[in-house]
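Q: I am new to this structure and would like to learn how to read it. Could you walk me through a few of its features?

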Amino acid sequence: MDFALTAEVDALRARVRAFVETHILPLESDPTARDDHENISEAALEAVRARVKEAGLWAPQMPRSRGGLGLGVVGMAALYEEMNRSIFGPVCFNAAAPDDGNMMLLEKVGTPEQKARWLQPIVDGAVRSSFAMTEPRPGSGSDPAGMMLTRAEKKGDTWVITGRKWFITGAAAASHFILVARTSDDPRTGLTCFLHHRDDPGWRIERRIPIMGPEEHGGHCELVYEGLEIPDANRLMNVGDGLKATQIRLGTARLTHCMRWLGMARRALEIGAEYVRDRQAFGHTLSEHESVQTLLGDAALQIEVGRLLTMKAAWKLEAGDFARKEVSMAKIVVADALHQAIDTAIQLNGARGYSKDTPLEWMYRYARQARLVDGASEVHKMVLFRSLQKEGKDFWSWGV
């Protein structure tokens with residue numbers, strides 16, 4: 001295992017850092033650059049995206065033939081971390097969820113015709129996408145294979161969809177949807193993925209669900225399927241491959257969350273460290289107090305542990321491994337490290353940290369979701385327990 005970046009990737013990482021510093025961080029304090037959901041406005045986003053494309057930093061996860069940078073998972077880890085030093089960063093580079101995971105899934109498993117129709121417009125930034133899997137109780141959550149209730153019934157060359165989805169990220173702004181539905185009661189091969197467009201009749205957005213934190217573009221929506229008809233040509237992979245498709249998508253997508261969250265955690269700590277360097281208390285700067293040093297040192301340690309776990313998982317994914325336990329470890333640790341870093345920075349900034357004079361309060365409300373989305377921490381610990389039971393002493397192995 002080698003943690004050295006190639007010269008090409010490190011040069012790109014440095015360019016992303018400079019771009020974020022110059023063109024994106026200043027927008028955070030500009031109220032005219034925000035939309036009604038505390039994200040970057042569409043007008044500001046469009047202008048920054050044009051600059052990103054001019055700078056040659058667009059869509060690092062996509063092949064060069066599609067207009068991306070053609071990076072592997074390790075290179076993505078380095079760049080995504082730099083992007084999310086700004087709360088607006090990843091979407092400016094077309095590296096934000098859910099488009100990020102949807103693009104990677106379609107690139108891996110789509111047919112040439114499906115890639116041309118459903119993938120390329122997302123890569124180009126012309127449309128957005130959603131991944132419709134989660135359902136209201138008692139339907140599909142962390143156990144899609146066992147709990148999914150949305151059904152697809154085949155009639156001739158068409159699939160008819162009925163059911164309900166919720167907390168579908170980005171749905172209100174998406175044009176392209178990847179839908180997971182039940183096509184049989186088999187516990188392993190009972191799910192199938194389909195592609196549909198927002199203009200197709202037979203489905204609707206019931207509501208945009210209010211949340212405690214800032215929202216991704218398109219929010220988190222509840223969807224109702226009332227006889228949506230999908231041609232068999234818009235089926236993704238084979239009938240019964242739905243669970244496989246979710247595993248392919250979520251493996252890398254979960255890790256990209258970690259990559260981005262590490263950048264946000266670093267930024268929070270930068271704000272905290274900068275403040276304590278100058279702020280005086282009891283005859284000394286805050287940074288000279290041992291209790292402050294301990295808080296910052298521990299938060300920095302947890303970020304670095306998260307970076308190492310993330311990079312190990314990225315290295316295994318790039319080598320073709322599913323890296324299930326490694327991704328679970330990274331997801332658990334980075335979600336906690338993110339919260340700790342932001343909470344520490346707020347504590348050290350005092351009332352300033354609790355105010356809206358810094359992005360820390362935005363980050364704090366955003367960070368609570370990290371322990372919930374794409375598998376709660378408790379579910380990932382269950383995954384680790386099962387791996388430990390199955391692998392025994394081989395649970396701890398080195399790359400060879």
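A: Gladly! Let's start with one residue: Ala323 has a relative accessibility of 0%, so Ala323 counts as buried. Keep in mind that this is a predicted model.

Q: Where does Ala323 lie?

A: Ala323 belongs to the loop between α9 (290-318) and α10 (324-349). Its backbone is worth a look too: the phi of Ala323 is near 50°, a positive value in a residue other than glycine.

Q: Which other residue has a positive phi although it is not a glycine?

A: Try Glu38, with a positive phi of about 70°. Glu38 sits in the loop between α1 (7-24) and α2 (42-55). Its relative accessibility is 25%, so Glu38 counts as partly exposed.

Q: What about peptide bonds: which residues does a cis peptide bond with omega of about 0° join?

A: That bond joins Ala97 and Pro98. You can find Pro98 in the loop between α4 (89-92) and α5 (99-109). Another cis peptide bond, with omega of about 10°, joins Arg137 and Pro138. Here the proline, Pro138, is in the loop between β1 (129-132) and α7 (144-147).

Q: How do I read the side chains along a strand?

A: In a regular strand, side chains alternate between the two faces of the sheet. Now look at β1: Ser129 and Phe131 point one way, while Ser130 and Ala132 point the other way. All four of these residues are buried.

Q: Which strand pairs with β1, and in what sense?

A: The partner is strand β4 (residues 176-182), and the two pair in the parallel sense over four bridges. To place them against each other, find Ser129, which stands opposite His176 in β4.

Q: Is a lysine such as Lys165 buried or exposed here?

A: Lys165 has 0% relative accessibility, so Lys165 counts as buried. Its place is in strand β3 (residues 158-169).

Q: What does the side chain of Lys165 reach?

A: One partner is the backbone oxygen of Met133, at 3.1 Å. There is also a polar contact of 3.0 Å between the side chains of Lys165 and Glu135.

Q: How many disulfides does the structure hold?

A: Zero. To see how such a case is read, compare sulfur distances with the cut-off: a disulfide needs two cysteine sulfur atoms within 2.5 Å. For Cys193, the closest cysteine sulfur is in Cys221, 19 Å away, which is too far for a bond.

Q: Are Cys193 and Cys258 buried or exposed?

A: Cys193 is buried, with a relative accessible area of 0%. Cys258 is buried as well, and its relative accessible area is also 0%.

Q: How does separation in sequence compare with distance in space for Ala4 and Cys193?

A: These are two separate numbers to read. Ala4 and Cys193 are 189 residues apart in sequence and 38 Å apart in space, C-alpha to C-alpha. Ala4 is found in the segment before α1, and with 54% relative accessibility Ala4 counts as exposed.

Q: Finally, which residues does UniProt list for the N-terminal domain?

A: An unreviewed UniProt entry lists residues 6-125 for "domain: Acyl-CoA dehydrogenase/oxidase N-terminal". In the model, that span is 59% helix and 0% strand. The end C-alpha atoms of residues 6-125 lie 28 Å apart.

How values were computed:
Residues numbered from 1 in each chain as written. Predicted model: local features only at pLDDT ≥ 70, side-chain atom pairs only at ≥ 80, totals over all residues. Heavy atoms only, no water. UniProt positions renumbered as here; feature names shortened; annotations may be inferred. Buried < 20%, exposed > 50% of the residue type's maximum accessible area, 1.4 Å probe, protein only. Pairing = 2+ DSSP bridges. Polar contact = N/O pair within 3.5 Å; in protein donor to acceptor, adjacent residues only side chain to side chain.
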